[in-house]
Amino acid sequence: MESEVNNDISSVQTEDTLSHPKLEEATQTNNNVNMEDIYVKEKDVGITEYLNPKLPGFSGVLKQLHSDFLVNEINLNGTVHHLTSFAVQTDSIEPHYHRRGQPRLPQTHIKSRLPVFDQKTLDEIQNLIDSKGIDSEPVITEKPIHDKDKRKAIHQFIREYFGDILFGETMPDQSISIQMINRTESRPTKERDMGLTNKDAGTDIKYRKISKKTSITRWEKGRGNYCEFLLLKENRDTISAINLLSRLLRVHNRVFSYAGTKDTRAVTVQRVAAHRIFANRLAGLNNRLVGMRLGNFKYVSEPMKLGELKGNRFQITIRQVQIPSQEELLKSIISLKDYGFINYYGMQRFGTSTIPTWKIGLALLQNNWEEAVDLILRPRVGEYGKIKDARAHWAKTRNPQETLEMMPDRYYAEMNILKTFIKNGNTNNYLEAFNSIPNTLRSMYCHAYQSYIWNRVVSERINKFGCKSPLIGDLVVSEEDAWLKEEELSVDLTFIPLNEESTLESETKFSEGPSESSIRTSHLDSVSPEIQQNTADESKKVRPRGEGLGSGINEKITILDNVNIKNYTINDVVYPGPGHAIKYPQNEIFELYKKFMGEDGLDPTKMERIIREFSLPGSYRKIIGRPWDLDWSLFQYNDPCIPLAVTDADILKGTAEIPRISDGKYLACQISFNLLSGQYATMVLREIMRQETSSGAQYELQKKGQLL
């Protein structure tokens, strides 16, 4: 299935019956491998308790198909966004840039814009366009153009009117060569990975990479500077989806803004805004995209701001459900509705390999750069294929050049480290090598350690004191801030790939939690290396105490005492992710921070570091999460490979609902609910199912299901 390219976003994808390609490969290699024993488990990241331990739970399979996990963004007004239209309004069409049909030179502007071109040259340019690049030769001006302003005007004209098919180049004698662009050389080897259909592949004509400066310069007055649209994506994380759109449109990825990242192994819908990109250019990409659709276009005056959402609507289909009785399931649903769930950071936060991301973060906080780099490059149990061979070769030879040649392209962290070793001619400068990793990846490791400590502290608190009421000395958010979003509770929002001056992490403020692919086995291997990087020199600054705090966040935190404790409930309690700019609980809970971090040689009160990005201010997070607008249903089915949910794309194609049967072989539970941004749907399911949510455990369940 890897080599096939499907131009349809249908949710029927039989290859997804095994939801993790790496796990599938591993099982094919060794059927005796138990993935649940190999990969990170809940207890390894501090997830051990339940809000209501008396619930019986039930078993089932999650994410067997992408359409089993639907995510739709909720804006600040509470509107759930659905993709409902691909149409582009007439006044949204780019007035002069021809992307369909045969492009023509704009006769009305030629004389004023290209006075140096004679009719012969203009005819040659039109013939070049008509040739579509087949056996075509560049058009070169007969005489040199020594006037720099005139050369600049010509290049600007070509970019403005034909930036997608022509490019101009100033020759050494200052004449101008105009050539045809064809899509081959800069296209990735794996067209499917890039999201292109077969029609974009197969030409052997040379391709010249387009400058990121190419853009449309005419923009009508009064039109909003941003085209806002809905992005529907399937089996792709938000960051790689944006990078793909940037490549196809030949613009910098900072052109796009969005409120937060969404899960990978899902079908998700979210708002995106593109700066001065016409709607018809975006809509035109739909014929070329795989697993993505763009629609609901409109022009707005402001970009999307990170965190500018209330949360997400989830519709999750659990397959092959086995329950004691429907009454027991109803008890679990009612408990979830009335009391909520423990607001753990979910498994996506910590990776799926045998080396969790928090351990790399710990090495960084210990200033042990060598250990951090070694953890990223070292071999891991359960990996197979090229990545296994590359890691083994590195462990044996420490040869960065040979290892790099063996390393699969998508392993950006590993590849950047190896390239730095090659550039320096040695493998000893570990800090410089680590800083070659894109900033969005570097920051993720330390945040994973904060999340690990938070999980452990909350688990121990619930184990010792329960979760029915707050404790004197606990931290709370006042009632008027009860709907304060997780982003607003965060103090340390230091990394986002497309707009780093805005500060929302690519895996901190996430849909279900973070973009699930953000922490895949390759440690965020899907993010483009084009993401801007902070150099080590830029990072060697100590962040002033309190810098990074949101607007008055600490002022919204209250420490409970004998007098005010009666005004609050457990739902108001927040605990901090360790940092130098937050408050800690003034009770025994603070001792837990010191105990757990002390085991790692760290002090929760001394979190400042010489290198800025590792000097973590900290964050706050509610210990109890509460879903709202919760619905559920049970139904039967026979075929384990058919979709059981309708996506927005399915509805646009005319599929309104999935027929139900009354005597099916299998039982499914479909549950829908809303969560605040930053909360994990898998932790909601864990509370009612009592089932391990790690990828290895889920794979084992799926594998058993295939044998039924």
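**View 1. Arg378 pairs with Glu371 in a salt bridge****.** In this predicted model, Arg378 is partly exposed, with a relative accessible area of 29%. Its partner Glu371 is also partly exposed, and its relative accessible area is 29%. The closest N and O atoms of Glu371 and Arg378 are 3.9 Å apart. That counts as a salt bridge because the limit is 4 Å. The structure holds 20 salt bridges, and further views show others.

**View 2. Glu42 and Arg686 meet through their side chains****.** The contact is a salt bridge, 3.0 Å from N to O. Glu42 sits in the loop between α2 (35–38) and β1 (59–61). Arg686 belongs to helix α21, residues 681–689. The pair therefore ties together parts that are 644 residues apart in sequence. Are these two residues buried or exposed? Glu42 is buried, and Arg686 is buried too.

**View 3. Asp474 and Arg461 form a salt bridge****.** Their closest N and O atoms lie 3.0 Å apart. Asp474 is in the loop between α16 and β12 (475–477), while Arg461 is in helix α16. The pair links distant parts of the chain, 13 residues apart. Both Asp474 and Arg461 are buried.

**View 4. Salt bridges join Glu73, Lys262 and Arg271****.** These three residues make up one network. The network arises from salt bridges that share partners.

**View 5. Helix α16 packs with helix α19****.** Helix α16 spans residues 439–465, and helix α19 spans residues 588–598. Their axes are 10 Å apart. The angle between α16 and α19 is about 135°. The two helices are therefore oblique to each other. In which hand does α16 pass α19? The crossing is right-handed.

**View 6. Side by side, the residues where α16 meets α19****.** From α16 come Tyr449, Ile453, Trp454, Arg456, Val457, Glu460, Arg461, Lys464 and Phe465. From α19 come Glu588, Ile589, Leu592, Tyr593, Phe596 and Met597. What classes of residue make up the contact of α16 with α19? There are 10 nonpolar and 5 charged residues, and no polar ones. Arg461 is among the α16 residues that meet α19, and Arg461 also forms the salt bridge with Asp474.

Note on methods: Residues are numbered from 1 along each chain as its sequence is written. This is a predicted model: local features need pLDDT of at least 70, side-chain atom pairs count only at pLDDT 80 or more; totals for chains, interfaces and linings use all residues. Side-chain values use heavy atoms; hydrogens and water are left out. Axes are lines fitted to C-alpha atoms, for helices over the stretch in contact, and angles run from 0 to 180 degrees between N-to-C directions. Helices (H or I, at least four residues) and strands (E, at least two) are DSSP runs, numbered from the N terminus. Angles under 35 degrees count as roughly parallel, over 145 as roughly antiparallel, 65 to 115 as roughly perpendicular and the rest as oblique. A crossing is left-handed if the near helix is turned anticlockwise from the far one by less than a right angle, and right-handed if clockwise. Contact means heavy atoms within 4.5 Å. Ala, Val, Leu, Ile, Met, Phe, Trp, Tyr, Cys and Pro count as nonpolar, Asp, Glu, Lys and Arg as charged, and the others, Gly among them, as polar. Buried means under 20% relative accessible area, exposed over 50%, partly exposed in between (1.4 Å probe, protein chains only).
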